[in-house]
Structures are given as structure tokens and as C-alpha cells.
Amino acid sequence: MITTNEWLPIGSVVHLEGTDGLIMITAAMVGDTSTNQLWDYAGVSYPIGKARADDDVMFDRDAIDGIFYIGFQDEDGERYQDGLRMATEQFEQMKRDMRGTER
């Protein structure tokens, strides 16, 4: 069973704590240049998608309170997931450094 502690495949549809509607994941390990922060995921509103340039939703795994759909998975996707898993520790450290917090 996939949990929010694992990286979800691109195309997965999730619900975020304290929000209405669903979000479809479009990217993982992303940076928001407007806030200079790193986030676990970027996504767009489901089923609307990206209607405007600023429609991206940035969020961390701990904000997910429900997984409604697991995105497409194949060999290429599994290699991508392997890369995410290998980079997770370094990415988490970079997030802490950029946010100035110790988790």
C-alpha cells in the first residue's frame, strides 16, 4: 500500500488537509521561485487542470490527507521513483536549510 511517506507517481490525485477539491500531482521535488522554497509536490486542481500560469499548487507530503488515485506506473516511472527515493534525504535537508527550520 502506498502511503504519503512514499513518493506518489505523477498523475496521482490527492486531497490536501484543510482544502476543498482535489489536486492532481504534476511534479515532485519542486522549487517555487516566487517564494524561494522547496516543496515535495506541485499539482493542479482536478479535474480543471492548469487554466492559468499561476494555477500550480505547491505542497508537502504531510499535507496529504487522502489519496484518491495512484498515477500511471511503468518501468520509466519506477526509475523516476527510485531517483526520488535516492535523493530524498538530500532534498529534505535542502528544504530545512531554505526554510531555516529543523524538522
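**Val 14 and the nonpolar core**

Set aside the neighbours within four places in sequence, and Val 14 still touches quite a list in this predicted model: its contacts are Leu 8, Leu 22, Ile 23, Ile 25, Phe 59, Ile 64, Gly 66, Ile 67 and Phe 68. Two of these partners, Phe 59 and Ile 64, turn up again in the largest nonpolar core, where they join Val 14 and Tyr 41 as the residues that touch the most other members. That core has 13 residues in total. At least two of them come from each of β1 (13-16), β2 (22-32), β3 (37-46) and α1 (75-99), with β2 giving the largest share at 3 residues.

Stepping back to the whole fold, the protein chain is built from 5 strands and 1 helix. Read from the N terminus, the order is β-β-β-β-β-α. Contacts between residues at least 6 apart in sequence often reach a good way along the chain: 52% of them link residues at least 24 apart.

As for overall dimensions, the C-alpha trace spans about 35 × 30 × 25 Å along its principal axes. The radius of gyration of the protein chain is 13 Å, and this agrees with a compact globule, because 103 residues packed that way would give a value near 13 Å. Buried residues make up 34% of the 103 in the chain.

On the outside, the accessible surface adds up to about 6600 Å², and carbon and sulfur atoms account for 53% of that area. Charged side chains number 20 negative and 9 positive, with 3 Å between the centres of the two sets.

Methods
Residues numbered from 1 in each chain as written. Predicted model: local features only at pLDDT ≥ 70, side-chain atom pairs only at ≥ 80, totals over all residues. Heavy atoms only, no water. Core = buried A, V, L, I, M, F, W, Y, C linked by side-chain atoms within 4.5 Å. Buried < 20%, exposed > 50% of the residue type's maximum accessible area, 1.4 Å probe, protein only. Helix = DSSP H or I, 4+ residues; strand = E, 2+ residues; numbered from the N terminus. Contact = heavy atoms within 4.5 Å. Rg over C-alpha atoms; globule rule 2.2 N^0.38 Å. Areas by Shrake-Rupley, 256 points an atom, 1.4 Å probe, with all protein chains shown as cover. Lys, Arg positive; Asp, Glu negative; His and termini not counted. Charge placed at Lys NZ, Arg CZ, Asp CG, Glu CD.
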